[in-house]
Amino acid sequence: MTAALVAGLLAGYGIAVPVGAVATYLVSLTARTSLRTGFCAALGVATADGLYALVAALGGSALAAALRPVLVPLRWASALVLAFLAVRGAVTAVRHYRDHRLATRSTPPPPSPARAYLALLGITLLNPTTVIYFAALVLGTRAMDAVSPLEQGVFVLAAFAASASWQLLLAGGGALLGRLLTGRRGRLVTALVSSGVILLLAVRMLL
């Protein structure tokens with residue numbers, strides 16, 4: 001039981017801690033909206049990680065074989081979604097900066113917490129890094145064939161808890177950043193830097 005708990009925590013933090021495009025977008029989204037929206041988005045990321053951990057615990061080597069042919073389409077889909085988010089974020093930030101008085105009328109309202117949850121869930125499920133990570137995890141831990149269902153459940157819950165704790169920490173950092181950068185120029189710079197980082201990571205994903 002303890003071994004399954006530790007393995008799940010390590011797996012969850014292993015995929016969550018490296019800051020990539022999804023984490024960058026999460027921080028930026030929270031800074032532009034609210035802590036509640038950021039927390040829901042963070043749980044969307046953690047849910048995707050938990051689902052992949054569940055499939056990894058149950059799927060065995062068949063999972064890796066099934067995922068291998070679709071890794072390239074997933075990589076392209078994820079990169080295109082992230083590039084779209086980066087460009088839209090930059091355009092919206094410039095529009096707010098140029099005409100902040102009319103921005104509330106001309107720009108769409110921020111995403112609801114539920115929409116943010118679903119958006120980050122979908123983006124993370126498309127993220128090939130997550131797919132590759134858990135596929136490799138399955139191939140490297142074939143000892144799980146002899147593990148009881150209870151221990152598999154502990155592994156999945158631990159992976160979800162680890163990912164959720166880190167994503168919530170990132171969302172909290174985004175909320176703090178949003179409070180500190182209350183000026184128009186500060187928000188513009190933050191949004192442009194975030195969009196640039198997301199775009200570079202999306203391009204790197206394809207290379």
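Tyr-13 is partly exposed, with a relative accessible area of 35%, and it makes a good starting point for a walk through this predicted model. The chain is built from 10 helices and 0 strands, and 41% of its 207 residues count as buried. Below, the tour goes from Tyr-13 to the surface, then into the cores, and ends with the chain as a whole.

**Tyr-13 and its surroundings**
- Tyr-13 sits in helix α1.
- A polar contact of 2.9 Å links the side chain of Tyr-13 to that of Ser-165.
- Tyr-13 and Ala-161 are 148 residues apart along the chain, yet 9.1 Å separates their C-alpha atoms.

**A nonpolar patch on the surface**
- Tyr-13 also belongs to a nonpolar surface patch, which it forms with Leu-5, Leu-9 and Val-17.
- Together these residues offer about 290 Å² of accessible area.
- Leu-9 is found in helix α1, which spans residues 2-16.
- Like Tyr-13, which is partly exposed, Leu-9 counts as partly exposed because its relative accessible area is 30%, a value that falls between the 20% and 50% limits.

**The largest nonpolar core**
- The largest nonpolar core has 18 residues, and Tyr-25, Leu-29, Ala-41, Leu-120 and Ile-123 are the ones that touch the most other members.
- Two or more residues of this core come from each of α2 (21-32), α3 (35-59), α5 (71-98), α7 (113-126) and α9 (149-180).
- Helix α2 makes the largest contribution to this core, with 6 residues.
- Beyond its neighbours within four places in sequence, Leu-29 is in contact with Ala-41, Pro-111, Ala-116 and Leu-120.

**A second core**
- There is also a second, separate core of 6 residues, and its members include Ala-11, Ala-57, Val-156 and Ala-159.

**Thr-37, a buried residue in α3**
- Thr-37 lies in helix α3.
- Thr-37 counts as buried because its relative accessible area is 4%, which is under the 20% cut-off.
- Setting aside residues up to four places away in sequence, Thr-37 touches Pro-111, Ser-112, Pro-113 and Ala-116.
- Pro-111 and Ala-116 are thus partners of Thr-37 and also contacts of Leu-29.

**The chain as a whole**
- From the N terminus on, every element in the order is α: α-α-α-α-α-α-α-α-α-α.
- Looking at contacts between residues at least 6 apart in sequence, 90% join residues at least 24 apart.
- The chain exposes about 10,900 Å², and carbon and sulfur atoms supply 71% of that area.

Definitions and conventions: Residues numbered from 1 in each chain as written. Predicted model: local features only at pLDDT ≥ 70, side-chain atom pairs only at ≥ 80, totals over all residues. Heavy atoms only, no water. Core = buried A, V, L, I, M, F, W, Y, C linked by side-chain atoms within 4.5 Å. Buried < 20%, exposed > 50% of the residue type's maximum accessible area, 1.4 Å probe, protein only. Helix = DSSP H or I, 4+ residues; strand = E, 2+ residues; numbered from the N terminus. Contact = heavy atoms within 4.5 Å. Patch = residues over 30% accessible without salt bridge, like charges linked within 9 Å, V, L, I, M, F, W, Y side chains within 5 Å. Areas by Shrake-Rupley, 256 points an atom, 1.4 Å probe, with all protein chains shown as cover. Salt bridge = Lys/Arg side-chain N within 4 Å of Asp/Glu carboxyl O. Polar contact = N/O pair within 3.5 Å; in protein donor to acceptor, adjacent residues only side chain to side chain.
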